[in-house]
Amino acid sequence: MKHSFNCLSYELLLYVLICIPFCSCSQKDTGVISPNGKICLSVEIKEDTEKDGFGKVFFNVEYKDGKTSRRVLSDTRIGLETQLMSFTDNIRLKSVSGTKLIEDDYVMLTGKRSHCQNRGNERIFRFENEKAETLDIVFRAYDDGIVFRYSLPSVQDKDSLTSEHTAYYIPEGTKRWIQNYSVGYEGFYPLKTRAERGKDNMWGYPLLLEPADSLFVLITEANILRGHSGSRLYNGNDMNQYQVRMTDDKLALGDSFTSPWRVLMIGSLSDIVESTLVTDVSEPNKISDTSWIMPGSASWVYWAHNHGSKNFKIVKDYIDLAVDMKWPYSLIDAEWNEMSNGGDIEDLITYSLSRNIKPMIWYNSSTAWMGPGPLYRLNSKENRIKEYTWLQKSGVVGVKIDFFPDDYSSNMDYYIDLLEDAAKYKLMVNFHGATIPRGWQRTYPHLMTMEAVYGAEWYNNKPILTDRAAEHNVTLPFTRNVIGSMDYTPGTFSDSQHPHITTCGHELALSVVFESALQHMPDRPEVYSSLPRKVREFLSGLPTAWDDTKLLCGYPGADIVLARRKGDVWYIGGLNGTNENKTLSFSLVPLQVEGKTMDVFKDGVDDKSFAIEEDIQLSNDKMDMSCLPRGGFVAVIK
């Protein structure tokens, strides 16, 4: 038996359900509608006839565009279970709050947009089980998606959360881009139209769906706090049901409990790519003085010289590269504690500062792979403060912390410990070999970037990326990079251990298409010096944090044209993800640049050359850019 519940009397509700088709978008019943009226969520209970009105709870989502309403998600199950309480197939609706308007308005120092604004309507649904124990579920319908989270108002002594029953139903035939779960989130997002059995039947965030033509949903989570476990998706019980599964087998609870937000961005591809919903629902900035937090580019030794940070003279060349390219930073990577060939880390820091380059250095988190060092310098509070104190006194401005284990609550707490203590010593942070962004860049604005991507460093490890890079690069802006800064290390014009077959135009465009507040430039000094002067000038002046972002065209795995604004200047990056020649067509109307001029860097006569055009007079008409196979272009509009 299937019912939808509201604040009306039970008898009147039965009459409404019988006489009116289900899922009208109305906030007078159990619906929540976005302020723009496009997104509607409705809650329903499928009763167990043997349990006297108790049953399982589900929600559905519809998207209204003009006069057309389309189903986005059906029968998404919700529920929670602890060692002592169950809210699974034995709950009923007790009450629904009125609608509260949520308005987000805040400033980001990093990311796709500096001034973030959003609106959402919130309602709190209180459920009770057969023992009269209560569970609150907070639903918000924003203009660009749905978020929800669980709250236990009262928790019994020594109780633990054992499972979450949120399960997204994804029917056969639905296009989806999803990666098999791995600890470092370093996988591909291949297009699939049917469910598969992954490794351990686990899948990592984010999950991108196309439930209807040109209508998309991106699923992830946000606002991990102390005591929270990260989660992933599991389809081992039913291949079409993707259940949210905590990393911890059980999670100790306090007097009350509130879960992270479950996030569903909804709309067109531009709605997805431009959304800031992950940070919108995360905790506000906790750092009062942010004057020391400065995004920028950094020279980086590892891609071309594995183990290169042990060699004083090699790293010194990369500091000189940063000087030549006018980049503010140079990253000294792993094994600097074993440095030789002309000096040690103290000598290198002194040299870097003498050249007005701000050094950043690498650490092993010492929680997963105990390979390269230094080790065990950040784990305990005492050691961490000692190390951070030395770094600040030495003139180091940031740390890259690598090799983290799975997303257990203890490890999520460790991330927060590292961030909170780093802020006290004015150290910017880059998490590598780590989890995905979940909104911490709003709470801790000195978190500049995170890896969690199969990036360019894999040219240094395996040959897989050579053939897959172009398609992969054109999928990431619609998946991984949507949820936060991504340390892909773009712009490999030469080759590492394994070659790349993307064009130089493609590689240059990655520095615009991929957003990372610290953009680590991976190639060799002699390669940058050999680039055309205009390309070098472009890389020297390239921003790494943006005032606005606009998707101009594209489709995952095929192509993309993305525009990012800094001040009054628009930077446009275009990528061809296919093995064929392709013309990328797009309009400049969203940018309002009529009367301005544009410089273009595009594919030349072959994959190793550029064609550069300057001072092109613009209208708001459609633009056409021809790309070689696996090619790309960059445009700068002033």
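**Exercise 1. Determine in which sense strand 31 and strand 32 pair, and place that pair in its sheet.**

Solution. In this predicted model, strand 31 and strand 32 (residues 559-566) are joined by 7 bridges, and the sense of the pairing is antiparallel. One bridge can be located by residue: Cys 553 has Val 561 of strand 32 as its partner.

The next step is the sheet as a whole. Its 6 strands follow the order 31-32-33-38-35-36, the sheet is open, and the pairing is antiparallel. Strand 31 (548-555) and strand 36 (610-617) are the edge strands, each pairing on one side only. From one strand to the next, the twist averages 15°.

**Exercise 2. Identify the strands that helix 10 lies across, and relate the region to the annotated domain.**

Solution. Helix 10 (residues 504-513) lies across strand 32, strand 33 (569-576), strand 35 (597-603), strand 36 and strand 38 (632-637). Relative to strand 33, the helix runs at about 130°.

For the annotation, UniProt lists residues 545-638 as "domain: Glycosyl-hydrolase 97 C-terminal oligomerisation", in an unreviewed entry. Residues 545-638 are 61% strand and 0% helix, and the end C-alpha atoms of the span are 18 Å apart.

**Exercise 3. Describe how helix 4 and helix 5 pack, and classify the residues of their contact.**

Solution. Begin with the geometry. Helix 4 (residues 312-325) packs against helix 5 (residues 345-354) at an angle of about 20°, and the axes are 10 Å apart. Because angles under 35 degrees count as roughly parallel, helix 4 is roughly parallel to helix 5. Their crossing is right-handed.

Next, list the residues. Helix 4 contributes Phe 312, Val 315, Lys 316, Ile 319 and Asp 320, while helix 5 contributes Asp 347, Leu 348, Tyr 351 and Ser 352. By class, the contact comprises 5 nonpolar, 3 charged and 1 polar residues.

Finally, consider the annotation. The unreviewed UniProt entry assigns residues 306-453 to "domain: Glycosyl-hydrolase 97 catalytic". This span is 39% helix and 16% strand, with its end C-alpha atoms 19 Å apart.

**Exercise 4. Establish the order of the sheet that contains strands 7, 6, 13 and 21, and explain what is found at its edges.**

Solution. The 4 strands form an open sheet in the order 7-6-13-21, with antiparallel pairing. Strand 7 (86-87) and strand 21 (251-252) each have a single partner strand, so one side of each has no neighbour in the sheet.

At one of these edges, strand 21 pairs with strand 13 (residues 160-164) over 2 bridges in the antiparallel sense. Here Leu 161 stands opposite Leu 251 of strand 21.

Notes. Residues numbered from 1 in each chain as written. Predicted model: local features only at pLDDT ≥ 70, side-chain atom pairs only at ≥ 80, totals over all residues. Heavy atoms only, no water. Axes fitted to C-alpha atoms, helices over the stretch in contact; angles between N-to-C directions. Parallel < 35°, antiparallel > 145°, perpendicular 65-115°, else oblique. Left-handed = near helix turned anticlockwise from the far one by under 90°. Contact = heavy atoms within 4.5 Å. Nonpolar A, V, L, I, M, F, W, Y, C, P; charged D, E, K, R; others polar. UniProt positions renumbered as here; feature names shortened; annotations may be inferred. Pairing = 2+ DSSP bridges.
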